[in-house]
Amino acid sequence: MICKRGYKGYIYLEDGTLIEGCGFGAKGIKAGEVVFTTSMNGYPESLTDPSYRGQILVITHPLVGNYGIPKPIVENGILRNFESERIQVEGLVVAEETDPYKWNSQMSLHDWLKSEGVPGVSDVDTRMLVKKVRNKGVMMGVISSGIELDDPKKYLEKKYDEIDFTQFTSPKSPIIHQGNGKGIIVLVDCGIKHGILYQLNSRGYTVVRVPCNFTANQIMDYSPQGVVFGNGPGNPKLLQGLIKTYKDIVEYKVPIMGICLGHQITSLALGGNVRKMKYGHRAINKPVIDVTDNKCYITTHNHGYGVFKEDVPKDMKVWFYNPDDGVVEGMIHNKLPIITTQFHPEARPGPWDVTWVFDKFKKVIESGRP
Ligand SMILES: NC(=O)CC[C@H](N)C(=O)O
């Protein structure tokens with residue numbers, strides 16, 4: 001095989017599968033949980049989503065890189081075209097990696113991965129890889145770019161589900177994004193996407209991002225009008241401190257919104273459950289049905305754990321579910337001002353059909369009712 005960048009690449013799965021392809025991006029070896037997304041575009045946003053920490057991402061769309069990587073646009077400290085300041089995936093696997101042809105591209109996907117030390121592998125049969133993951137469920141794997149993979153098993157000692165990745169993605173101290181007088185929302189930042197910041201801040205709120213391990217007292221010191229538990233990487237059951245903080249915040253009866261990891265933490269804090277899914281939902285075109293009016297929306301997802309129907313806390317009801325597999329995609333509390341979505345209402349990348357969920361939260365804040 002002749003490789004465009006001049007070096008080979010390999011993917012190894014823990015079931016013993018070894019696939020040879022071409023390397024691109026940085027030369028190196030990384031381990032991670034192998035997951036796939038069926039998003040057709042939005043790779044600058046997906047690769048910088050902190051919820052992908054610890055994972056090797058396979059993109060099923062056959063060509064990746066066509067429109068390059070744009071120059072970051074930052075407004076009020078909020079990135080408009082990336083979800084965080086760095087690439088978060090451990091490695092990237094694509095069928096074909098292309099050079100950019102777009103007016104606002106400032107670098108190729110290859111150069112971006114290289115500059116951030118992230119290995120990529122191309123020229124592999126991603127359909128075969130995804131079929132394996134769909135049949136067997138997500139597995140640990142090793143990606144190697146430009147380096148022979150002699151003993152891949154030695155990289156597989158640690159299991160994805162046992163590592164608290166929020167230690168790498170949560171800020172060490174609070175970060176404030178001024179609003180225009182609408183009051184304060186505290187956003188518990190275990191590795192949030194800037195799209196969530198943008199949606200809250202553009203509704204006038206000052207957003208205070210606090211570290212994932214802040215206590216309820218530290219959060220309530222800001223006298224917030226609402227608290228948002230945002231997205232984040234890894235197994236929610238490892239975050240016992242965060243679950244305790246959530247329970248304490250509930251005592252204050254302050255309006256709460258849970259997004260993705262925050263939806264899962266809501267379930268765990270209020271007596272429900274969360275379980276690992278076979279291969280998760282990762283895409284920008286996943287259907288969810290709003291049970292309040294039976295409307296179906298196309299939404300953005302990135303989750304490997306899920307709340308199933310029987311896992312919903314007894315004081316909450318299902319708000320959205322995925323018609324493909326029944327996974328609960330949103331919940332509303334019966335009495336308290338608490339709403340959640342498992343999907344991403346900020347939808348970056350993805351269709352903005354459901355950004356009204358943030359308007360709904362604004363109404364919950366204003367009325368004090370769910
Ligand atoms: N995007 C997220 O917040 C993901 C939540 C959790 N880490 C999961 O994989 O299910």
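Trainee: Let's start with a helix. Which residues of α9 are buried?

Mentor: Happy to, and keep in mind that this is a predicted model. Helix α9 covers residues 356-367, and a residue there counts as buried if 20 or more other C-beta atoms lie within 10 Å of its own. The buried residues of α9 are V357, F358, F361, K362, V364 and I365.

Trainee: How do these buried residues sit around the axis of α9, and which residues are exposed on the other side?

Mentor: The buried residues cover an arc of only 160° around the axis, which puts them on the same side of α9. Among the elements covering them are α5 (194-201) and β23 (338-341). Turn to the other side of α9 and the exposed residues are W356, D359, E366 and S367.

Trainee: Now α7. How far apart are its end C-alpha atoms?

Mentor: Start from the expectation: helix α7 has twelve residues (240-251), so at 1.5 Å a residue it should span 16 Å. The model agrees with this, as the end C-alpha atoms of α7 are 17 Å apart.

Trainee: Good. What covers the buried residues of α7?

Mentor: First find that buried set, which is L242, T245, Y246 and I249. They cover an arc of only 105° around the axis, so they lie on the same side of α7, while Q240 and E251 are exposed on the other side. The cover over the buried residues includes α6 (216-220), β17 (226-229), β18 (256-259) and α8 (261-269).

Trainee: Let's zoom out to the domains. Which element supplies the largest share of the side of domain 1 that touches domain 2?

Mentor: The assignment gives domain 1 (8-162) and domain 2 (166-367), and 28 residues of domain 1 are in contact with 29 residues of domain 2. On the domain 1 side, β3 (28-37), α1 (43-47), β8 (78-79) and α3 (126-136) each supply at least two residues. The largest share, three residues, comes from β3.

Trainee: And how do the residues on that side of domain 1 divide by class?

Mentor: This is the side of domain 1 that touches domain 2, with 28 residues in contact. By class, they are nine nonpolar, seven charged and twelve polar.

Trainee: One last stop, the ligand. Which strand gives the largest share of the shell around the ligand?

Mentor: The residues around the ligand include S51, N231, C260, N302 and Y305. By class, the shell has four nonpolar, seven polar and no charged residues. Its largest share, four residues, comes from strand β20 (residues 295-306).

Key. Residues numbered from 1 in each chain as written. Predicted model: local features only at pLDDT ≥ 70, side-chain atom pairs only at ≥ 80, totals over all residues. Near = placed C-beta within 6 Å. Nonpolar A, V, L, I, M, F, W, Y, C, P; charged D, E, K, R; others polar. Domains from an automatic or database assignment. Contact = placed C-beta atoms within 7 Å. Expected span 1.5 Å × (residues − 1). Buried ≥ 20, exposed ≤ 12 C-beta atoms within 10 Å, placed from the backbone. Arc of directions from axis to C-beta.
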